[in-house]
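Visitor: I should like a close look at a single part of this chain. Please describe its setting and then place it within the whole.

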Amino acid sequence: MGNIKENKTSAATFRDFMSLLERTRVNKGLFITGIILSFFGTAGSLIVPLLTQSFIDGFNTEMFTAGLAAAIIGLFLVSAVLDGISYYVLAKVGQTIIRRLREMVWDKFLKLPVKYYDATKSGESVSRLVNDTAIIKNLITSHFPQVITGTLSIVGAVIILFILDWRMSLIMFISVPLSLFVILPLGRRMGRISKQLQDETATFTGTSQETLGEIRLMKSFNGEAYERKSGRRGIQTLYRYGMKEAFINALLSPIMSTVMMFVIILIIAYGGLRVADGTMTIGTMVAFLLYLFQIIMPMTMFAMFFTELNKALGATERIIGILKMADEPDAGTAKKQEITFNSIAFDDVSFGYTEGAPVLENISFRAEPDQKVAFVGPSGSGKSTIFSLIERYYEIDEGRILIDGEDIRNIPVYELRKNIGYVAQESAIVSGTIRENITYGLREGEYSEEDIERAVQSSYASEFIGELEDGIDTEVGERGIKLSGGQRQRIGIARAFLKDPEILMLDEATASLDSRSERFVQEALDELMKGRTVLVIAHRLSTIINSDNIFFIENGHLTGSGTHTELMRMHAMYKTFTDQQFTRDQGLRT
């Protein structure tokens, strides 16, 4: 059926997270280089406490030479430089992963069927692309490099500590179960809150984008008070979840600091006793404390890493759910050179957007080249759905749609849509220039400057384009807001001219225009229809009368077909409908 169900995924695990990263084809060579540099940088910092121990235990003025001081300073500098380079290299790996992850999500959005966007606000999809990947980006680029260097530092420091004094090292390990006791439950709680926050962020992004996109409607109907209340309700929800995150972070940091302080006090107390009874030197005690501090800082970073990881797992769940969705069907087997686009036929077609609610039932008709076919009927009868099915925005439930006898399911989607032109009542305009709108969707080499000029002339768009300061390179604004309705329509027709389709579908492109704009657009459409198979959703009586064949659609059924004269004589509902249209058109003229 036409409905869509989002893949239900269970809570993402660390394995799912790593699997998602592997799909981005991580540059393993660069990653290993970063690890090696980090290893040498960490090794340099691990040597410093040992030098400090030797210096304290064997201190005399003859030992403290300029060469020794230069060696210690040099070691610090080399270690710092290597740490910086390794951090940059690992961050580059992380940024590359996020770039490819966003490319994967973006490509998936472009491949998803129209029915997904019928059920999902565009702002929610944008939030998945931007906000969810930003959470993973924060983990990968900011926390992950620190965890790598921190892990090397902890492993190296622990090995040296056990060599220095294994009894003191065992006391230090008291912090491990205490830390896990704090990190694990708080991390799981953070994951649940983050998942809820991401959902609310997506919802709020969708709602706010919708509101701002229809800003004229809001202002025209004095909707500021309603939208202010609605927006603040969403902001308040985000605030509550943000404060829950802040509360967990507020707990995590002081608890970890307290645990570490407790361990430091134990070690200083025990180490002081050992120094007092002569079983440990002061130098060893100082070195031990220095190594302990090299462990404490990464442990604090680990605590933050695990909370961020739980947040990233929530984002991973959403992204995996999107990537698992089925692409728009495109399993055409017909060869390009064997495909022709002339006649089009519906053979007993039935379709519904949701199960149990058919929009079209047992529709059959045929349209031939050089013929204008009109679809007439009350609003909501299914006329626009016929156009959507021809473009394969949805898959039919029963029957077949044939183009020159070939089932459209056997025709690759790109080839199908390349040969179909559609001009709606209000042509879709994207941000950019007039040129970019006219050439939208066409590939390099599929048109020339002469073709663009010809399309502009044929659509009668040259009249207003020539008056603009930047001509065809004029910026049109979001949704073409800087252009009039008639100008937008002519750009849409120019786009169809340049595409040069075999099959042309028109949704009464002049229905909402003033008389002057209508004359220009109608002349452009008359020119565009020559030599093509033309299907029109007709609203005006003039369009209906001039059609070669008319199909009357009523409640999803085809209840009559023929010329205007034939239907006026044989179809009572058609006669009533056209009489109403005649009265309306007369009213518009007066």
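Guide: The account below begins with one loop residue, turns to a helical residue, and ends with the chain. This is a predicted model, in which local features need pLDDT of at least 70 and side-chain atom pairs count only at pLDDT 80 or more, while totals for chains, interfaces and linings use all residues. Residues are numbered from 1 along each chain as its sequence is written, and side-chain values use heavy atoms, with hydrogens and water left out.

Pro378 lies in the loop that links strand S3 (372-376) to helix H11 (383-390); helices (H or I, at least four residues) and strands (E, at least two) are DSSP runs numbered from the N terminus. Its relative accessibility is 26%, and Pro378 therefore counts as partly exposed, a class between buried (under 20% relative accessible area) and exposed (over 50%), with a 1.4 Å probe and protein chains only. Beyond its neighbours within four places in sequence, Pro378 is in contact (heavy atoms within 4.5 Å) with Lys383, Phe552, Ile553, Met573 and Phe577. The C-alpha atom of Pro378 is also 8.2 Å from that of Asn555, a residue 177 places away along the chain.

Thr316 belongs to helix H10 (residues 282-323). Thr316 has a relative accessible area of 0% and is therefore buried. With neighbours within four places in sequence set aside, Thr316 has contacts with Ala12, Asp16, Phe17, Leu20 and Ile136.

As for the whole, the protein chain has 20 helices and 10 strands, and 45% of its 590 residues are buried. Of the contacts between residues at least 6 apart in sequence, 80% join residues at least 24 apart.
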